[in-house]
Amino acid sequence: MSLKTIAAKIFAHRIAKRTAKWVNNPIETQDKVFKSLIAKASDTKFGKDHGFKTIKKHSDFIAQVPVRDYEELKLYVNLAVEGKEDILWPGKPLYFAKTSGTTSGAKYIPITEGSIKEQVKASRNAILNYIHETGNAEFVTGKMIFLQGSPVLQEKNGVKLGRLSGISAHYVPNYLQKNRMPSWETNCIEDWETKVNAIVEETKNEDMTVIAGIPSWVQMYFEKLKENTNEYVGDLFKNFELFIYGGVNFEPYRKKFEALIGRKVASIELFPASEGFFAYQNSQKENGMLLLLDAGIFYEFIRSDEFYDEHPKRITIKDVELGVDYVMIISTNAGLWGYNLGDTIRFISKNPFKIVVSGRIKHFISAFGEHVIAKEVEEAMLVATKATDASVSEFTVAPQIVPAENELPYHEWFIEFEKLPSDMELFIKELDLALQQQNSYYYDLIVGKVLQTLKITPVQSGAFLEYMKSIGKLGGQNKVQRLSNDRKVADGLSKFKLSNS
């Protein structure tokens with residue numbers, strides 16, 4: 001056992017003890033975070049505008065700070081972007097994470113010295129937790145790759161800006177620098193396909209032990225590795241032990257990953273975003289991710305089915321229920337206040353507080369009142385592929401409101417199959433029934449003959465990559481939208497239909 005391995009195990013044990021302290025005192029931990037955030041920001045423009053000095057408890061906060069999304073907080077963010085100080089948080093942000101906005105172009109998410117430290121700490125602790133739980137630490141001596149955006153940063157009014165993953169690349173600990181791949185030069189390549197090809201050349205002869213990234217883009221890397229070497233990834237990298245991912249549900253990709261790797265590997269799910277690092281998988285034996293309650297983030301929750309009510313109820317972790325979909329609202333040490341992240345989560349445990357990501361509050365299908373969410377279509381797809389011999393690379397779902405004459409409306413699934421099912425009718429039946437079993441509204445619409453059974457439109461191999469390229473979102477932190485309430489993604493994919501579909 002190497003000195004590096006021994007040191008990793010000792011450090012992992014120390015971090016596990018620290019984690020246990022706040023895990024065992026969740027309510028008190030969140031209360032402490034809340035009071036600290038309010039106190040530190042009381043003299044900012046936002047704090048003065050919202051009477052932070054008079055806020056003593058959560059009910060005061062609810063009364064004085066409304067829930068906002070980025071567009072509604074933009075007035076304050078723009079002032080910070082202009083270079084003004086003490087707007088949302090004391091001083092100036094250290095960075096702006098530049099992301100794609102849905103209605104107004106680029107979004108600039110402030111990142112402070114405190115918030116980036118918490119991001120780095122959470123990434124580190126997720127791996128150390130795995131070491132502590134499993135006792136496996138030999139992988140720390142091998143090479144590690146984190147598929148991410150370019151670390152080249154721009155500057156705007158004295159503040160550096162770039163993609164979150166690119167910003168994070170500047171914070172790789174010294175003890176990992178020699179293990180980290182790809183090279184800085186390769187990481188700076190902007191074009192995603194060129195970058196992945198370069199990464200393949202740099203890594204194919206290395207002892208890769210940890211690979212991390214969004215599943216869809218790691219899958220692309222694995223496919224190119226196999227194409228280049230004609231070997232399974234698991235044979236090429238004999239000591240490849242750990243896959244770290246975040247951003248999307250891994251289950252729809254798992255079967256394809258195991259086929260590319262040639263064996264199973266352990267995995268850790270993360271829940272990071274430009275706005276903060278919220279949770280990580282803390283057990284290889286249980287589902288869900290540990291909600292990080294001591295990471296400079298105060299959490300509130302609103303039931304998804306009440307979110308669009310005139311006065312939805314805002315609660316803290318003290319009052320959450322298991323199995324309910326909540327919109328997660330955050331206030332952070334980067335100066336986001338009552339901020340609607342857009343993600344929906346579901347608690348699967350309250351001791352400790354563990355969550356799964358169930359979707360996006362804006363990404364759903366409810367063209368007919370069914371309110372189908374991402375987790376439901378992903379679960380349905382998992383059931384259908386397990387029940388048949390099909391293998392799926394990628395998919396998305398959209399409503400078809402105006403079908404052919406004398407035909408009922410339906411949900412249209414655009415699927416890129418790795419392997420088409422030998423019995424498509426059985427695949428459709430399993431898929432539709434699985435969705436009905438999860439969503440009673442959808443079931444009622446099918447039974448009541450408001451909707452007909454879903455339809456599948458198979459698309460060509462590589463269709464989703466081509467579509468993402470066409471909208472300028474290939475690689476990096478970009479994710480395929482799993483479902484939508486309109487036909488925008490569906491129309492973009494229609495040109496890639498298989499000729500016989």
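**Aromatic pairs, a three-stranded sheet and nonpolar cores**

A search of the whole structure, which is a predicted model, returns 30 aromatic pairs. In one of these, the ring centres of Tyr95 and Tyr171 are separated by 6.2 Å and the ring planes are inclined at 80°, so the arrangement is classed as edge-to-face, given that planes over 60 degrees apart fall in that class. Because Tyr95 belongs to strand β1 (residues 95-100) whereas Tyr171 is located in the loop between α7 (164-168) and α8 (174-177), the pair ties together parts that are 76 residues apart in sequence. The two partners are described by separate accessibility values: Tyr95 is buried, at a relative accessible area of 8%, while Tyr171 is partly exposed, at 27%. A further edge-to-face pair is made by Phe307 and Tyr308, for which the centres are 5.1 Å apart and the planes stand at 85°. Here Phe307 counts as buried, with 14% relative accessibility, and Tyr308 counts as exposed, with 56%.

Aromatic residues also occur as a cluster and as partners of charged groups. One aromatic cluster is formed by Tyr221, Phe222, Phe240, Phe243, Tyr245, Phe250 and Phe257. As for charged side chains placed over rings, the charged end of Arg482 is positioned over the ring of Phe395, at 4.2 Å from the centre of that ring, and Lys455 lies over the face of Tyr410, with a distance of 4.8 Å to the ring centre.

Three strands make up an open sheet of mixed pairing, in which the order is β18-β19-β20. The edge positions are taken by β18 (391-400) and β20 (455-458), each of which has a single partner strand, so that one side of each is left without a neighbour in the sheet. From one strand to the next, the twist averages 25°. The antiparallel pairing of β18 with strand β19 (residues 410-419) extends over nine bridges, and for Ser391 the bridge partner in β19 is Lys419. Helix α13 (residues 251-261) packs on this sheet through contacts with β18 and β19, and the direction of the helix makes about 155° with that of β18. Phe257, a member of the aromatic cluster, falls within the residue range of helix α13. Likewise, the ring of Phe395, over which Arg482 is placed, falls within the range of β18.

Leu431, a residue of helix α15 (residues 424-438), is buried, with a relative accessible area of 0%. When neighbours within four places in sequence are left aside, the contacts of Leu431 are with Ala380, Met381, Ala384, Trp413, Leu454 and Ile456. Among these contacts, Trp413 is within the residue range of β19 and Ile456 within that of β20. By C-alpha to C-alpha distance, Leu431 and Val196 are 33 Å apart in space, with their positions 235 residues apart in sequence.

The largest nonpolar core comprises 83 residues, of which Tyr299, Phe301, Trp337 and Phe347 touch the most other members. Beyond its neighbours within four places in sequence, Phe347 is in contact with residues including Leu291, Phe301, Ile317, Val320, Leu322, Val324, Tyr326, Phe353 and Ile355, and also with Glu321, Gly323 and Lys354. A second core, separate from the largest one, contains 41 residues, among them Leu147, Phe243, Ile261 and Phe496. Of these, Phe243 is also part of the aromatic cluster, and Ile261 lies within the range of helix α13.

Note on methods
Residues are numbered from 1 along each chain as its sequence is written. This is a predicted model: local features need pLDDT of at least 70, side-chain atom pairs count only at pLDDT 80 or more; totals for chains, interfaces and linings use all residues. Side-chain values use heavy atoms; hydrogens and water are left out. Rings of Phe, Tyr and Trp (its six-membered ring) pair if their centres lie within 6.5 Å; planes under 30 degrees apart count as stacked, over 60 as edge-to-face and the rest as tilted. Helices (H or I, at least four residues) and strands (E, at least two) are DSSP runs, numbered from the N terminus. Buried means under 20% relative accessible area, exposed over 50%, partly exposed in between (1.4 Å probe, protein chains only). A charge sits over a ring if NZ of Lys or CZ of Arg is within 6 Å of the ring centre and within 35 degrees of the ring normal. Contact means heavy atoms within 4.5 Å. Two strands pair if DSSP finds at least two bridges between them. Axes are lines fitted to C-alpha atoms, for helices over the stretch in contact, and angles run from 0 to 180 degrees between N-to-C directions. A nonpolar core is a set of buried Ala, Val, Leu, Ile, Met, Phe, Trp, Tyr and Cys residues joined through side-chain atoms within 4.5 Å.
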